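Got the viewer open? Let's take a short walk through a few spots, one selection at a time.

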Amino acid sequence: MTLLSYARCVARLGALLATLPSGAALRAQSAVDVLITGAMVYDGTGTPGRVTNVGIRGDRIAFVGAIPAGTTAARRIDATGLIVSPGFIDPHTHALEGLPRLNAERRLSASSLMQGVTTVTIGPDGRGPFDVKRILDESEKLGLGTNAYATVGFGTVRANVMGASSAPASKVQIDSMRALITKAMKEGAFGVGSGLFYAPQSYASTEEAIAVISAAKPFGGVYDTHQRDESSYTIGVLESVRETIRIGCESGLTANVGHIKTLGVDVWGKADSVLGIMREARAKGCVVTADQYPWTASGTGLSAALVPRWAQAGGNDSLKLRIADAALREKMLVEMRDNLRRRGGDSTLLLTGGSAAAKPYIGVTLKQAAAQRKLPAAETALAMINEGLDMSVASFNMTEADIETFMKDPYVMTSSDGSGGHPRLYGTYPRKIRRYVLDKPVITMERMVRASSGQVAETYRILDRGVLRAGAFADVIVFDPKTIRDEATYIEPTRLSSGMVWVFVNGQAAVQERQMANVFAGRALRR
């Protein structure tokens, strides 16, 4: 070997050695911040659980499986007998509605974290923002307990352009609404939400909704809706599902039926028919999904449940003028009585929340309130609304058979629709685990976890979340199958759930040994 060749070999060897990690670097790679051992791990993909280990480094999952040789950990958690899964993603909840104006306690969102929910949407039912960047930036700066993402609201943009009008939108108004949808999508919205059941969104025709919502087509995403009719109010639940699918499919978005249900005596037993319509649409190439909460009572407002939509056109002042008109008032009452019948009668409406003036009625049924006032139920409801007591209500109008039918469908995810006055805000996910996985069971644990994490992430294209795998964000929960349960009730709807032992959000412990850690580890997510 010549001297020159030898020198070249030495140089190459030196270059090769320079690429190898130093001892310090090797030690850093083998160190994790959290090592969870001996847990039954469900990874969010739908595969059965296995007893294994999870390592967390920074805000990411370092490994799932055998512990690499030489691994050291700043914190070790012996999770023998416990379950580890991805943090749950709630695609339909009002937990953070009102961001960024919420106070620190609300933004911390203990109601979500103590259920194992690490990511939530903001503004479902068409109430999402169109100024997405401002809302997310300000909220993240103030601090978030969970991750949050937005869908732009059809209701928000329609109200911004048309107020509470019941008139059809003009071409100019449609163009203005489309511009707001486009703005929101460019700023990171994950799709478009609507609440066609609610005034003034209910005044929009199917064609108007498609014309506006299709502005999101170049960006993709999900069309999520509180559909126009979950019962027999207007077009009926089956036709309403067809409308939802048409809007989503023609807008180029995934059509998601929010909090899917068959609400009221007229449509009980139709869950199979609803699912059949969805299957037919998928066979034709449309992407159709749904989410569901495991409660027999829905939650809404007294006026939304009972007052016909024509009477609400123009807003509250217009409604009061119609109430004062004897002929219109009687017309309203006729329709309200039928709406009350649909929901199963006055004893099925529990008054759950409202202003300070409504406090005497909280926890009583409409039937009991009517007895106090010595008026029929519909007249009592209308009088309360006219007095400004438009209370939130829990409406017991679903059957266990329909709930279980929907739950078993592979395209139905979990959501809470969590809102004040209803225990679902605090108890949905533990309730589903306890009641429908462990006690009955209706579905398996792997299906429960999949429907509550990985499937939601895939549907909404939330990257690197909803699964336990190396490189994914470390949204990880550890819960006790012996003690997991919902504690909230319709009378005490703000009781925190039990059984969450550890909850990590982006690698930070938001729940430690079953107690809230008061850590704002959440992030604003953008598409």
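Start inside this predicted model, at the largest cavity, whose lining by class has six nonpolar, three polar and two charged residues. To bring up that lining, select His259, Ile260, Lys261 and Thr262, then add Gln292, Tyr293, Trp295, Met398, Asp402, Ile403 and Phe406. The space they enclose comes to about 60 Å³. Which helix gives the most to this lining? That's α17, with three residues.

Stay with α17 and show residues 400-408, then bring in helix α18, residues 424-439. Their axes come within 13 Å and cross at roughly 95 degrees. An angle from 65 to 115 degrees counts as roughly perpendicular, so that is how α17 sits relative to α18.

Now for the side chains where the two helices touch. On α17, pick Glu400, Ile403, Glu404 and Met407; on α18, pick Lys432, Arg435 and Tyr436. Color them by class and you'll get three nonpolar and four charged residues, with no polar ones. Ile403 is worth a second click: it's part of this contact and also lines the largest cavity.

How many cavities of 30 Å³ or more are there? The count is two, so there's one more stop.

For the second largest cavity, select Asp90, Thr93, Ala95, Ser112, Gln115, Val117, Ser416 and Leu425. Leu425 falls within the residues of α18. The volume here is about 30 Å³, and the lining has three nonpolar, four polar and one charged residues.

Terms used
Residues numbered from 1 in each chain as written. Predicted model: local features only at pLDDT ≥ 70, side-chain atom pairs only at ≥ 80, totals over all residues. Heavy atoms only, no water. Axes fitted to C-alpha atoms, helices over the stretch in contact; angles between N-to-C directions. Helix = DSSP H or I, 4+ residues; strand = E, 2+ residues; numbered from the N terminus. Parallel < 35°, antiparallel > 145°, perpendicular 65-115°, else oblique. Contact = heavy atoms within 4.5 Å. Nonpolar A, V, L, I, M, F, W, Y, C, P; charged D, E, K, R; others polar. 1 Å grid on protein atoms, 1.4 Å probe; cavity = no way out; pocket = protein on both sides within 12 Å on 5 of 7 lines; lining within 4 Å. Points joined across faces, edges and corners; volume = space filled by probe spheres on them.
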